[in-house]
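Visitor: I would like a close look at a single part of this model. Please take me to the place where the helices meet, and then show me what lies around it.

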Amino acid sequence: DNFVTLIVSAFGVVAALSWNEAIKEAVLGFFPTQGALVAKVYSALAFTVISIFVAYLLSKLKTQK
């Protein structure tokens, strides 16, 4: 059971790293005239807010069961 959890987690990390690269390219495409640092800050803020929202929704779903 623990082994399966570790394998699934490893695939999740690989998928997250792949999405990281794709999102970086997309953000730089939206902010071509801005500096790379500004684009990274905007995307980090946006994904932080999204992550908090998703974590909140998942915690609500877990408590409803």
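Guide: Here is a walk through the helix contact, followed by the chain around it. Keep in mind that this is a predicted model.

Start with the parts list. The chain has 2 helices and 0 strands. Helix 1 covers residues 2-30, and helix 2 covers residues 36-64.

Now the crossing itself. Two packed helices are described by the angle between their axes and the distance between the axes. Here the axes come within 10 Å. They cross at roughly 120°. An angle of 65 to 115 degrees would count as roughly perpendicular, and one over 145 as roughly antiparallel. The two helices are therefore oblique to each other. The crossing has a hand, too: helix 1 passes helix 2 in a right-handed way.

Which residues make the contact? From helix 1 come Ile 23, Val 27 and Leu 28. Helix 2 supplies Ala 36, Ala 39, Ser 43 and Phe 47. By type, 6 of these contact residues are nonpolar and 1 is polar. None is charged.

Next, three residues to use as landmarks. Take Glu 21 in helix 1. Its relative accessibility is 45%, so Glu 21 counts as partly exposed. From Glu 21 to Ser 59 the C-alpha distance is 28 Å, with their positions 38 residues apart in sequence.

Move on to the loop between helix 1 and helix 2, where Pro 32 sits. Is Pro 32 buried or exposed? Exposed means over 50% relative accessible area. Pro 32 has 61%, so this proline is exposed. Pro 32 and Ala 55 are 23 residues apart in sequence, and their C-alpha atoms are 31 Å apart in space.

The third landmark, Ile 50, belongs to helix 2. With a relative accessibility of 47%, Ile 50 is classed as partly exposed. Lys 60 is 10 residues away from Ile 50 in sequence and 15 Å away in space, C-alpha to C-alpha.

Finally, step back to the whole chain. Buried residues make up 5% of its 65 residues. Along the principal axes, the C-alpha atoms fill a box of roughly 50 × 30 × 15 Å. The chain, with its 2 helices and 0 strands, has a radius of gyration of 16 Å. The globule rule gives 11 Å for 65 residues. The value for this chain is well over that, so the chain is more spread out than a compact globule.

Methods:
Residues are numbered from 1 along each chain as its sequence is written. This is a predicted model: local features need pLDDT of at least 70, side-chain atom pairs count only at pLDDT 80 or more; totals for chains, interfaces and linings use all residues. Side-chain values use heavy atoms; hydrogens and water are left out. Axes are lines fitted to C-alpha atoms, for helices over the stretch in contact, and angles run from 0 to 180 degrees between N-to-C directions. Helices (H or I, at least four residues) and strands (E, at least two) are DSSP runs, numbered from the N terminus. Angles under 35 degrees count as roughly parallel, over 145 as roughly antiparallel, 65 to 115 as roughly perpendicular and the rest as oblique. A crossing is left-handed if the near helix is turned anticlockwise from the far one by less than a right angle, and right-handed if clockwise. Contact means heavy atoms within 4.5 Å. Ala, Val, Leu, Ile, Met, Phe, Trp, Tyr, Cys and Pro count as nonpolar, Asp, Glu, Lys and Arg as charged, and the others, Gly among them, as polar. The radius of gyration is taken over C-alpha atoms; the globule rule is 2.2 Å times the number of residues to the power 0.38. Buried means under 20% relative accessible area, exposed over 50%, partly exposed in between (1.4 Å probe, protein chains only).
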